[in-house]
Amino acid sequence: MNEHSLKKKLSKLDIGNLRYFDSIGSTNDEALAWAAAGAQDLSIVIANEQTQGRGRLDRKWFTPKGSGLAFSLILRPSAALRPYLSRTVGLAALSIAESCSGLGLAPRIKWPNDILLNGKKTAGILIENIWSGDDVDSLVIGMGINVYKSSVPPAELLQSPTTSIEDALEKKTPAREEILFNILSALIRWREHIGTDKLVKAWEEILAFRGEQVQIHTGTGDPTTGELLGLESDGSLRLRDAHDKSIIIRFGDISVRPSA
Ligand code: BTN
């Protein structure tokens, strides 16, 4: 993967500008600065290696050279899209998941931001906003995808079982440019539907742990336990507790785990 091969592959897509780095600290940091300086909608920062990759909950995200996809997409939402910004994580997750389905895999979305293959984490999403007063001026969607086996960190650094597309595939792994093209095509297509139930339905259909008892950890206090029912229209998670009461999980740094 290099700047030339990327630009060639992505030339048919209606994206903004592209900044390629052979090595960078974090593509999200670069994209946030670029967005603040006025980058066009759908501009992309992508790197062959990240040395300070960031995940949610202050976690690190590893992208050794040549091993995976680490990129950040800048979105400048139109007024029509603003009411649906809480669905952006679903838009991103669905796009990664569809690129995996296109390879014959069966991805699941572990709410809110992980993509699983064979029950193991393959990709994560980190969304950061730039505000203009009370409005979101732009969003940076950071996506990290473990493409080759070399992207999976050593076991002692893992928070949860992790895999790569190469591990899950029984055939040759496509080039990273190809996978990126498929993710961006899906995202551009799905963004047209961000205000429709169709997007939430498609997102809900591949939600991991549906119908199972799960625990929601918010970082403080005891976890909330219940049956994972699905999604609300804003992308919040809906559970049913032991008293048959509906519980909506809206915000926060939440992870979902099957209960023991
Ligand atoms: C997570 O699983 O917690 C989210 C991981 C997000 C990683 C991506 S890689 C590209 C972008 N740049 C970063 O520093 N982080 C995101």
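Helices (H or I, at least four residues) and strands (E, at least two) are DSSP runs, numbered from the N terminus. With that in hand, aspartate 244 is easy to place: look in the loop between strand E10 (237-240) and E11. What you have here is a predicted model, where local features need pLDDT of at least 70 and side-chain atom pairs count only at pLDDT 80 or more, while totals for chains, interfaces and linings use all residues. Residues are numbered from 1 along each chain as its sequence is written, and side-chain values use heavy atoms, with hydrogens and water left out.

**Around the ligand**

Let's begin with the ligand. A residue is near a molecule if one of its heavy atoms lies within 4 Å of it. By that rule 21 residues surround the ligand, and the closest are Ser26, Gln50, Arg54, Arg56 and Lys121. Helix H2 (27-36), strand E3 (68-75), strand E6 (120-132) and strand E7 (135-146) each supply at least two residues of this shell. E6 gives the largest share, 4 residues.

Sorted by class, the shell has 6 nonpolar, 11 polar and 4 charged residues. Here Ala, Val, Leu, Ile, Met, Phe, Trp, Tyr, Cys and Pro count as nonpolar, Asp, Glu, Lys and Arg as charged, and the others, Gly among them, as polar.

Which protein atoms make polar contacts with the ligand? The table has three examples. A polar contact is a pair of N or O atoms within 3.5 Å; within protein, one must be able to donate a hydrogen and the other to accept it, and residues adjacent in sequence count only if both atoms are side-chain atoms.

| Residue | Protein atom | Ligand atom | Distance |
|---|---|---|---|
| Threonine 27 | side-chain N or O | nitrogen | 3.1 Å |
| Glutamine 50 | polar side-chain atom | nitrogen | 2.9 Å |
| Arginine 56 | polar backbone atom | oxygen | 2.7 Å |

On its own, the ligand has 410 Å² of accessible area, and the protein covers 98% of that. Accessible areas come from the Shrake-Rupley method with a 1.4 Å probe; for residues, only the protein chains shown count as cover.

**Turns of the backbone**

Some spots in the loops are worth a look. The peptide bond from tryptophan 111 to proline 112 is cis, with omega near 5 degrees. Proline 112 belongs to the loop between strand E4 (108-110) and strand E5 (114-117).

Leucine 57 has a phi near 55 degrees, a positive value in a residue other than glycine. You'll find leucine 57 in the loop between strand E2 (43-47) and E3. Aspartate 244, the residue from the opening, also has a positive phi, near 70 degrees.

Are these two residues buried or exposed? Buried means under 20% relative accessible area, exposed over 50%, partly exposed in between (1.4 Å probe, protein chains only). Leucine 57 counts as partly exposed because its relative accessibility is 37%. Aspartate 244 is at 57%, so it counts as exposed.

**Two buried residues**

Serine 99 lies in helix H3 (residues 88-101). Its relative accessibility is 6%, so serine 99 counts as buried. The side chain of serine 99 reaches the backbone oxygen of isoleucine 96 at 2.7 Å.

Over in strand E11 (residues 246-249) sits isoleucine 247. At 18% relative accessibility, isoleucine 247 counts as buried too. Its C-alpha atom is 8.9 Å from that of threonine 224, with the two residues 23 apart along the chain.
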